[in-house]
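Work through the exercises below with the structure open beside you. Try each task before reading its solution.

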Amino acid sequence: MTTRINPHRQAQVSADDLKREPATIKRIVLSKAQIAVEAHPAKWLRTLSKPKARLLVIAHSDRGAVDDHALQAIAAAAILADAETAVVALILGELNDNLINESLKQAGADEVLVLPSLDFQVFQPDIELSAILSMIESLKPSRIFMPDNLIGDGSLGRRLIANKQLTAATHVIEIDANHVASAQTGGSLLAISELPEVILLSPNTVESELPFTGKATRIEAPKIIIENSQNTVTYQDLGMQGSKAENIALEDADFIVSAGNGVQNLDTLANLANALSASIGASRVVTDGGRLPRSKQVGATGKTVTASTYMAIGISGAVQHLQGIKDCRHVIAINKDASAPIIKRADLSIIGDAEEVMQALIAEITKAKVGAP
Ligand SMILES: Cc1cc2nc3c(=O)[nH]c(=O)nc-3n(C[C@H](O)[C@H](O)[C@H](O)COP(=O)(O)OP(=O)(O)OC[C@H]3O[C@@H](n4cnc5c(N)ncnc54)[C@H](O)[C@@H]3O)c2cc1C
C-alpha cells in the first residue's frame, strides 16, 4: 500500500535536497548569516569608474524625509543611467538621518547634495530657482528629473523649464531609455516624445525598489549664487497655517488613526487621534454598524487614503480594506491576533488588546508632551 502525501504539507530545504517534513516538525532553525541574508536580500551596488555625465534629480524633503514620489524620480534616473553616468540627488530642505540616506541608496542615488535652507514650507520661488540654476551651472547634468507634485517640485520644475527654455515633459506616466509619455485630455490620449532635458514624473510611474543600490555619498554642495535680478515677482509669504485634523478630508490626511471591529471604545480612539493630531478613519464593519459616519470608511467602497502613517486598530486587513490604504507610506497595526492579514501589510505591529495599547500610547504621548520644551 502506498502512503498518500498531502501536497500542501510543509517542506524543508536541506543541503541535500528538498523534502517534505513530517507534520510534527514545524521549525526550521536558520543560522545568523542566513537570517541576515533573508532580512536584507543582497543587491548589487552599482559602481561607477569615473562618471563622464550626470543625471540630476531635484526634490524637496518634507520634515527631514524624502517621500516615495521623490524616490521614484531618483529610481527613474538610476534605471536610465549607464556605467559612466552618475545619479545625483539634490534635496531641497533638511535631510535627517541615516535611515533616509539608506532609502536614497535603495533608490539608486550615487551622490546626494542637500540645500537645507530651501524648505518647502517657505515660499521663495525666485531664490529656489536661482539656487538650482546655480547648481545646474556647476553640475552640468545631461538630464533633470523631478517629481511632478504639489509640494513645490512641480512648480519649480516648470519655472526652470521656462527660464532655461529647456525641452520638457510634464505629468510623465511612462518612461524608458528612448521615450516618455504623458496622459492628455484626462487620459484618453497619450502624448509620446523622445527623452527631453527635464522630466516631471507623475507618482507611481516607476518602482523605487531596484535590484541594485547606489552609494548615496553625501557631497558638499558647490557654492550657490543667488541672483537677485531673477526676482521679477512681488509676493508676500504668509507662512503655513495648520488646520485641525477633524477639518481635513480623509483623502488629504497625513496621519490617520483608524478603528476596526476590535475597537470597543471610540472615545479612547478619539483621544488617541487628538493626542497625535491625526484624522479618524474606520473599517466598513464600524461604519455599517453606525458607530462612525460612512464618510470615515476606508477601503474599496470607501475612501482611498494616502497618509504617511496609517494606524489600523482592531482591523483585520480584509482585501477590500487594504485596497484603500495601498498608497500609505507606513502602516502600524494594533491587533490581538498576530496572524491577522493586516500584520503582513504593516511596517510595525503591536500585538495586544486595542484598548490597553491605546491607553498606553496616550499616556506616553502625554508624558512626552509634558517633558517637551
Ligand atoms: C463588496 C465589498 C466591499 C467592501 N468594502 C469595504 C471597505 O471599503 N472597507 C472595509 O473596511 N471593508 C470593506 N468590506 C468588508 C471587509 O471584507 C471586512 O469585512 C471588513 O473590512 C472587516 O472589518 P474589521 O477588520 O474592522 O472587522 P473584523 O473582520 O471583525 O476584524 C476585527 C479585527 O480586530 C481584531 N480584534 C478583535 N478584538 C480585538 C481587541 N480587543 N484588541 C485588538 N484587536 C482586536 C481581530 O483580531 C480582527 O483582526 C467590503 C466587503 C465587500 C464584500
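The exercises that follow move from the whole chain to single residues, and they concern a predicted model.

**Exercise 1. The chain as a whole**

Task: State how many helices and strands the chain has, and what share of its residues count as buried.

Solution. Start with secondary structure. The chain holds 10 helices and 18 strands. Next, take burial. Of the 373 residues, 36% count as buried. Last, consider contacts with a separation of 6 or more. Residues 24 or more positions apart account for 64% of these.

**Exercise 2. The open sheet**

Task: Give the strand order of the five-stranded open sheet, and find its edge strands.

Solution. Read across the sheet. The order is β15-β14-β16-β17-β18, with parallel pairing. The edges are β15 (279-282) and β18 (348-351), each of which pairs on one side only. From one strand to the next, the twist averages 20 degrees.

Now zoom in on one pair. β14 (residues 255-259) and β16 (residues 309-313) are parallel and share five bridges. Ser-258 has Ala-312 of β16 as its bridge partner.

Then add the helix. α6 (residues 266-275) lies across β14, β15 and β16. Relative to β14, α6 runs at about 175 degrees.

**Exercise 3. The ligand shell**

Task: Describe which residues surround the ligand and which helices supply them.

Solution. Count first. The ligand is surrounded by 25 residues. The closest are Gly-260, Gly-262, Ser-283, Arg-284 and Gly-299.

Sort them by type. Seven are nonpolar, 14 polar and four charged.

Then assign helices. α7 (284-288) and α8 (319-324) each give at least two residues to the shell. The largest share, three residues, comes from α8.

**Exercise 4. Nonpolar cores**

Task: Identify the residues of the largest nonpolar core that touch the most other members, then locate a second core.

Solution. The general expectation comes first. Nonpolar side chains tend to be buried together in soluble globular proteins. In this chain, the largest nonpolar core has 52 residues. Val-57, Ile-74 and Val-87 touch the most other members. Helix α2 (residues 68-80) gives this core its largest share, eight residues. A second core of 34 residues is separate. Its members include Val-286, Leu-292, Ala-312 and Ile-313.

Return to Val-87. Beyond four places in sequence, its contacts include Leu-55, Val-57, Ile-74 and Ala-77. Gly-108, Ala-109, Asp-110 and Gly-214 are also among them.

**Exercise 5. Two residues compared**

Task: Classify Ile-91 and Lys-43 as buried, partly exposed or exposed, and list their contacts.

Solution. Take Ile-91, in strand β5 (residues 85-92). Ile-91 counts as buried because 27 C-beta neighbours lie inside 10 Å. Setting aside neighbours within four places in sequence, Ile-91 contacts Ala-59, Ser-61, Val-66, Val-112 and Val-114. Ser-61 is 30 residues away along the chain, with 6.3 Å between the two C-alpha atoms.

Turn to Lys-43, in the loop between α1 (32-39) and β3 (44-45). Lys-43 is partly exposed because it has 13 other C-beta atoms within 10 Å. With the same neighbours within four places set aside, Lys-43 contacts Pro-211, Phe-212 and Thr-213. Thr-213 is 170 residues away along the chain, yet the C-alpha atoms are separated by 6.6 Å.

**Exercise 6. Positive phi**

Task: For Arg-63 and Ala-216, state phi, then decide whether each residue is buried or exposed.

Solution. Recall the background. Most residues other than glycine have a negative phi. Arg-63 has a positive phi, near 50 degrees. Ala-216 also has a positive phi near 50 degrees.

Place each one. Arg-63 sits in the loop between β4 (53-60) and α2. Ala-216 sits in the loop between β12 (212-213) and β13 (217-218).

Now judge burial. Arg-63 is exposed because it has 12 other C-beta atoms within 10 Å. Ala-216 counts as buried because it has 21 C-beta neighbours inside 10 Å.

**Exercise 7. The partners of β8**

Task: Determine in which sense β8 pairs with β11 and with β9.

Solution. Begin with β11. β8 (residues 168-175) and β11 (residues 198-201) pair in the parallel sense over three bridges. Ala-169 stands opposite Ile-199 of β11.

Continue with β9 (residues 179-184). Three bridges join β8 to β9, and the two run antiparallel. Val-172 stands opposite Ser-182 of β9. A hairpin of three residues connects β8 to β9.

Key. Residues are numbered from 1 along each chain as its sequence is written. This is a predicted model: local features need pLDDT of at least 70, side-chain atom pairs count only at pLDDT 80 or more; totals for chains, interfaces and linings use all residues. A residue is near a molecule or strand if its C-beta atom, placed from the backbone, lies within 6 Å of it. Helices (H or I, at least four residues) and strands (E, at least two) are DSSP runs, numbered from the N terminus. Ala, Val, Leu, Ile, Met, Phe, Trp, Tyr, Cys and Pro count as nonpolar, Asp, Glu, Lys and Arg as charged, and the others, Gly among them, as polar. A residue is buried if 20 or more other C-beta atoms lie within 10 Å of its own, exposed if 12 or fewer, and partly exposed in between; C-beta atoms are placed from the backbone. Two residues are in contact if their C-beta atoms, placed from the backbone, lie within 7 Å. Two strands pair if DSSP finds at least two bridges between them. Axes are lines fitted to C-alpha atoms, for helices over the stretch in contact, and angles run from 0 to 180 degrees between N-to-C directions. A nonpolar core is a set of buried Ala, Val, Leu, Ile, Met, Phe, Trp, Tyr and Cys residues joined through C-beta atoms within 7 Å.
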